[in-house]
Amino acid sequence: MLGDESLDATVRFSGVTNAAVVSTEVLDRWNYSAKLGVTAEKDRFGMGLGLSWTGSDNADNYAVTANFRYSF
C-alpha cells in the first residue's frame, strides 16, 4: 500500500488552554466482501432479497436489501 494509513490531529479551541489529540486509522490493509441474493419473477411482478458483508481489520458491515418490482 502506498502512503499513510493513519491520521493524527490536534484540536484546539479558542479560550481553552488544553488541546485534544485525535488519532485514527484511515485505511485498512485488507478489505473483503461477500454478497448473497435471490430473486423471483411471476408475470409482471418481481421481488428480491439480498445479504452482503464487508469486513476489514477494524470493521464489519452487514446489509440486508429487499426490492419489489412491477413492470407495466
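Confidence in this predicted model is lowest in strand 2, residues 19-25, where the mean pLDDT is 80, and highest in strand 5, where the mean is 95. Over the protein the pLDDT averages 86, and 94% of the residues score at least 70. As a general caution, predicted coordinates should not be read in detail where pLDDT is low.

Strand 5 also belongs to an open sheet of three strands, arranged in the order 3-4-5 and paired in the antiparallel sense. Because strand 3 (31-42) and strand 5 stand at the edges and have a single partner strand each, one side of each is left without a neighbour in the sheet. Neighbouring strands of this sheet are turned against each other by 10 degrees on average, when direction is ignored. Between strand 3 and strand 4, the antiparallel pairing runs over twelve bridges, and a reader who wishes to trace the register may start from Leu-36, whose bridge partner in strand 4 is Leu-51.

The strands of this sheet also lead to a feature of the surface. Phe-45, Met-47, Phe-68, Tyr-70 and Phe-72 form a nonpolar patch there, and together these residues have about 670 Å² of accessible area. Strand 4 (45-56) and strand 5 (60-70) each supply at least two residues of the nonpolar patch. One of the patch residues, Tyr-70, lies in strand 5, and Tyr-70 counts as exposed because its relative accessibility is 52%, where the cut-off for exposed is over 50%.

How values were computed. Residues numbered from 1 in each chain as written. Predicted model: local features only at pLDDT ≥ 70, side-chain atom pairs only at ≥ 80, totals over all residues. Heavy atoms only, no water. Patch = residues over 30% accessible without salt bridge, like charges linked within 9 Å, V, L, I, M, F, W, Y side chains within 5 Å. Areas by Shrake-Rupley, 256 points an atom, 1.4 Å probe, with all protein chains shown as cover. Salt bridge = Lys/Arg side-chain N within 4 Å of Asp/Glu carboxyl O. Helix = DSSP H or I, 4+ residues; strand = E, 2+ residues; numbered from the N terminus. Buried < 20%, exposed > 50% of the residue type's maximum accessible area, 1.4 Å probe, protein only. Pairing = 2+ DSSP bridges. Axes fitted to C-alpha atoms, helices over the stretch in contact; angles between N-to-C directions. pLDDT = per-residue confidence, 0-100.
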